[in-house]
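User: Hi! Could you walk me through this structure with a few questions and answers?

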Amino acid sequence: MARQRRSNTTGHGAERPPLDRIEDVRRVRAVPALSGVAWTELEDAVQEVRLKLLRTQSGPEANPIRNVGAWMSIAASRVAMDWHRGRGRDQGLRDRLERRWSTSPGHHPQSDVDLALTVAEGLEQLTKVQRQVLVLRFYEDLPVRDIAAHLEIPEGTVKSRLNAALAALRQRMSEMEADQ
């Protein structure tokens, strides 16, 4: 008895939207969940796999995917690894800031310490995307071109995200100053 191969087309030959079946969504959601991704991030993981699938299928050198289910599972595991790497970078940044300002407080004026803590608090209140571009640009000191390549987005998008993130950070910091 031969196994029937699952295709990504409907019975009429039209392309099926990626991840339209509940089984596919459950499979994709399960992979990052089992690897420890936070429950609140699972829908984002599904959307990221959906986007990767769309990019793969619509690219100029698009090769047909033999087994979409296996492909989605691999993509979901890569999304989970990226999530863990990003979380590690965020934690590393927090640790570096804490060590820098708490190990030798006598060497820094109190105003610098207060400013660093305000910036750190402001960063934590930003969205993940905003925090990501600010950290890559100002803490990792990457140029816009490298950030765009790393995030696989256009340079213009990086610039607009940086501007929006800086505006949001300024707003948060001015709100914090007003509260004090």
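User: Happy to start with the helix packing. How close do the axes of α6 and α7 come, and at roughly what angle do they cross?

Analyst: Glad to help, and please keep in mind that this is a predicted model. The axes of α6 and α7 come within 8 Å. Their crossing angle is roughly 105°.

User: Are α6 and α7 roughly parallel or roughly perpendicular to each other?

Analyst: Angles from 65 to 115 degrees count as roughly perpendicular. The axes of α6 and α7 cross at roughly 105°. α6 and α7 are therefore roughly perpendicular to each other.

User: Which residues make the contact of α6 with α7, and how does that contact divide by class?

Analyst: From α7, the contact takes in Glu155, Val158, Lys159 and Leu162. The α6 side brings Val144, Arg145, Ile147 and Ala148. By class, the contact of α6 with α7 has no polar residues, three charged and five nonpolar.

User: Let's step back one helix. At roughly what angle do the axes of α5 and α6 cross, and is α5 parallel or oblique to α6?

Analyst: Helix α5 covers residues 128-139 and helix α6 covers residues 144-151. Their axes come within 10 Å and cross at roughly 135°. That angle makes α5 oblique to α6.

User: Does α5 pass α6 in a left-handed or a right-handed crossing, and which residues meet there?

Analyst: The crossing of α5 with α6 is right-handed. On the α6 side, the residues are Ile147, His150 and Leu151. They meet four residues of α5, namely Gln132, Val133, Leu136 and Arg137.

User: What classes do the residues of the contact of α5 with α6 divide into?

Analyst: Gln132 and Arg137 of α5 take part in this contact, as does His150 of α6. Arg counts as charged, whereas Gln and His fall among the polar residues. The full division for α5 with α6 is one charged, two polar and four nonpolar.

User: Which residues of α5 are buried?

Analyst: Buried here means under 20% relative accessible area. In α5 the buried residues include Val133, Leu134, Val135 and Leu136. The remaining names in the list for α5 are Gln130 and Arg131.

User: Let's zoom in on valine 133. Is valine 133 buried or exposed, and which residues is valine 133 in contact with, leaving aside its neighbours within four places in sequence?

Analyst: Valine 133 lies in helix α5. Its relative accessibility is 0%, so valine 133 counts as buried. Beyond its neighbours within four places in sequence, valine 133 is in contact with Ile147, Leu151, Arg161, Leu162 and Ala165.

User: How far apart in space are valine 133 and valine 158, C-alpha to C-alpha?

Analyst: Along the sequence, valine 133 and valine 158 are 25 residues apart. In space, their C-alpha to C-alpha distance is 7.1 Å.

User: And valine 129: how exposed is it, and what separates its C-alpha atom from that of arginine 161?

Analyst: Valine 129 also sits in helix α5. With a relative accessible area of 38%, valine 129 is partly exposed. Valine 129 and arginine 161 are 32 residues apart along the chain, and their C-alpha atoms are separated by 7.9 Å.

User: Now for backbone angles. Where is aspartate 141, and what is its phi?

Analyst: Aspartate 141 is placed in the loop between α5 and α6. At 58% relative accessibility, aspartate 141 counts as exposed. Although aspartate 141 is not a glycine, its phi is positive, at about 60°.

User: What about glutamate 152: where is it, and is it buried or exposed?

Analyst: Phi of glutamate 152 is positive, near 60°, in a residue other than glycine. Its place is in the loop between α6 and α7. Its relative accessible area is 57%, so glutamate 152 is exposed.

User: At the other end of the numbering, how do α1 and α2 cross, and which residues make the contact?

Analyst: The axes of helix α1 (residues 22-34) and helix α2 (residues 42-58) come within 9 Å and cross at roughly 120°. That makes α1 oblique to α2, and α1 passes α2 in a right-handed crossing. The contact is made by Leu42, Glu43, Ala45, Val46, Val49 and Arg50 of α2 with Val25, Val28, Arg29, Pro32 and Ala33 of α1.

User: Last one: how many helices and strands does the protein have, and what share of its residues is buried?

Analyst: The protein has seven helices and zero strands. Of its 180 residues, the buried share is 30%.

Notes:
Residues are numbered from 1 along each chain as its sequence is written. This is a predicted model: local features need pLDDT of at least 70, side-chain atom pairs count only at pLDDT 80 or more; totals for chains, interfaces and linings use all residues. Side-chain values use heavy atoms; hydrogens and water are left out. Axes are lines fitted to C-alpha atoms, for helices over the stretch in contact, and angles run from 0 to 180 degrees between N-to-C directions. Helices (H or I, at least four residues) and strands (E, at least two) are DSSP runs, numbered from the N terminus. Angles under 35 degrees count as roughly parallel, over 145 as roughly antiparallel, 65 to 115 as roughly perpendicular and the rest as oblique. A crossing is left-handed if the near helix is turned anticlockwise from the far one by less than a right angle, and right-handed if clockwise. Contact means heavy atoms within 4.5 Å. Buried means under 20% relative accessible area, exposed over 50%, partly exposed in between (1.4 Å probe, protein chains only).
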